[in-house]
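Hi,

Here is the structure I promised to pass on to you. Have a look at it first, and then read my notes below.

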2 protein chains.
Amino acid sequence: MLKKQQLYQQLKRDIQLQHWQPSAVLTQQQLAEYYNVSRIVVRDALQQLINEGWLQSHGKAGIKVSNFTVAEANELCLLRLQLEPLALQLAAENLNFSILGQAEDLLAAIDNNTQLSAFERGDLNWQFHRRLYQECHKPHLLRLLDQLHQQVSRYIGYQEQSMCYANTSATEHRQLITLLRAGSIDAACTLLREHITTATDALIQYLTKT
Amino acid sequence: MLKKQQLYQQLKRDIQLQHWQPSAVLTQQQLAEYYNVSRIVVRDALQQLINEGWLQSHGKAGIKVSNFTVAEANELCLLRLQLEPLALQLAAENLNFSILGQAEDLLAAIDNNTQLSAFERGDLNWQFHRRLYQECHKPHLLRLLDQLHQQVSRYIGYQEQSMCYANTSATEHRQLITLLRAGSIDAACTLLREHITTATDALIQYLTKT
DNA sequence: TTAATTTTAAATGTATACATTTTTACAGGG
DNA sequence: CCCTGTAAAAATGTATACATTTAAAATTAA
């Protein structure tokens with residue numbers, strides 16, 4: 001595999017694990033030494049991570065790890081509420097039983113594996129949502145949704161401890177599929193909105209508690 | 001200035017001017033020779049342009065210039081309709097006379113300079129909208145709006161010839177300011193929606209005509 | 001002639017080396 | 001003691017060189 005991609009993944013993971021603390025200042029050289037790759041590779045990975053919001057280039061002040069605020073969580077929630085139901089609605093007319101089945105398989109993969117790490121569970125979780133949205137066939141909308149998900153996934157290190165909402169999440173996913181099968185699009189969108197709000201609330205509760 | 005940024009700007013401009021035709025296949029080496037810089041610089045600029053949707057990496061098939069479709073124009077319109085009025089609404093409570101004045105100055109800069117190129121006019125146009133949206137103080141929302149604008153600005157080469165809607169645009173801008181001054185937020189949002197739709201229609205009309 | 005396989009060329013990824021800018025540290029004057 | 005200006009050092013931008021992969025061409029066998 002490409003070293004650039006390896007480092008990119010590794011950096012994301014290490015940020016999620018809070019190995020690099022928020023607002024820590026990183027330099028290309030540091031990282032090149034630490035991960036034992038050339039600075040070119042580091043530069044490529046950094047630019048990508050900056051574009052995706054994991055890092056922030058404060059110009060001369062160096063590169064900082066983006067930190068997390070309640071305000072940001074609320075903003076991301078607002079944007080997801082604005083775009084995800086839209087995607088679901090547009091996708092609805094293209095959702096057939098085959099696709100819904102694929103989505104259910106992803107849910108099964110989560111439930112059947114009690115050993116999954118928070119990261120793997122988070123990935124599958126998004127794959128589930130994404131599989132449904134995908135059928136809207138709107139590349140730009142999907143791109144924005146992917147970006148928003150990236151932002152949210154930055155918090156996943158925090159969520160690992162506060163796993164309390166995992167069960168309600170699974171239930172809501174099942175309900176969503178049921179509604180879509182029945183063709184109750186509006187109800188599905190409403191449920192989705194609640195789902196997003198619930199997840200955000202759990203996260204905010206955790207953030208404010210610590 | 002940084003060479004990377006120079007090349008980045010130049011490439012965007014050349015794509016807008018259709019110097020590099022849509023779906024043309026570019027290579028790093030070609031571009032490095034053509035623009036007389038090292039491949040490192042080209043790589044950096046390309047990655048950024050790929051992230052912003054100007055180019056598409058087809059893996060082994062090389063890098064292609066994104067082309068334009070009516071479907072894409074419609075999708076971008078849909079997303080703008082979803083997010084721009086939201087930003088305006090959120091910004092509304094923070095808009096004071098000073099900020100509205102600054103926005104009007106930008107409009108004046110457009111009107112007073114009949115010599116402006118389509119690019120410069122497009123820039124100022126966006127600066128006007130952006131100045132208003134900015135007051136929503138939602139970094140992620142603003143980031144998404146910037147991205148959407150980037151996508152739209154890719155078409156500007158096409159718009160240059162079809163300048164017909166410039167006048168109505170200027171009028172709508174004035175009305176928008178007036179409504180905001182009067183505190184008629186909802187009316188302003190409605191007008192904004194019409195504004196976006198009008199601009200998109202003009203573009204689509206041009207795209208389908210040729 | 002075509003299909004397959006080896007060889008060759010070219011493009012991209014990566015590393016090292018050099019240049020330019022920026023930061024820091026320190027010395028001397030106010 | 002602080003301020004400032006200059007020298008040293010470190011970090012980043014850029015170029016060149018090398019390595020690896022991928023695409024193309026050509027040669028050979030069926």
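Let's start small: Val25(A) stands opposite Lys64(A), which belongs to β3(A). Before going further, some ground rules: this is a predicted model, where local features need pLDDT of at least 70, side-chain atom pairs count only at pLDDT 80 or more, and totals for chains, interfaces and linings use all residues. Residues are numbered from 1 along each chain as its sequence is written, while chains are lettered from A and ligands numbered from 1 in the order in which they are written.

**The sheet in chain A**

That pair of residues sits where β1(A) and β3(A) (residues 63-65) run antiparallel to each other, joined over two bridges. Strands here are DSSP runs of E with at least two residues, helices are runs of H or I with at least four, and both are numbered from the N terminus. Two strands pair if DSSP finds at least two bridges between them. In general, strands of a sheet pair through backbone hydrogen bonds, either parallel or antiparallel.

The whole sheet is open and has three strands in the order β1-β3-β2 (chain A), with antiparallel pairing. Its edge strands, β1 (25-26) and β2 (55-57) of chain A, each pair on one side only. Lying across β2 and β3 of chain A is α3(A), which runs at about 100° to β2(A). (Axes are lines fitted to C-alpha atoms, for helices over the stretch in contact, and angles run from 0 to 180 degrees between N-to-C directions.)

**Two domains**

Chain A is assigned domain 1 (3-65) and domain 2 (70-209); such bounds come from an automatic or database domain assignment. The C-alpha centres of these two domains of chain A are 27 Å apart. Seven residues of domain 1 of chain A are in contact with seven of domain 2 of chain A, where contact means that C-beta atoms, placed from the backbone, lie within 7 Å.

**How the two chains meet**

What rotation superposes chain A on chain B? It is 180°, with 0.0 Å of shift along the axis and an RMSD of 0.1 Å. That is the relation of a two-fold axis. The fit is by least squares on the C-alpha atoms of residues with pLDDT of at least 70 in both copies.

At the interface, 14 residues of chain A are in contact with 14 of chain B. On the chain A side, α3, α4 (70-92) and α7 (139-153) give two or more residues each, and α4(A) has the largest share, with six. The copies meet through the same surface, because 100% of the interface residues of chain A are also interface residues in chain B.

**The DNA**

Which residues are closest to DNA strand D? They are Thr27(A), Gln28(A), Lys3(B), Ser38(B) and Lys60(B), out of 15 that surround the strand. A residue counts as near if its C-beta atom, placed from the backbone, lies within 6 Å. The largest share of this surface near strand D, three residues, comes from α3(B).

For DNA strand C, 15 residues surround the strand, and the closest are Lys3(A), Ser38(A), Lys60(A), Thr27(B) and Gln28(B). Here α3(A) gives the largest share, three residues.

Happy browsing!

Terms used: Two residues are in contact if their C-beta atoms, placed from the backbone, lie within 7 Å.
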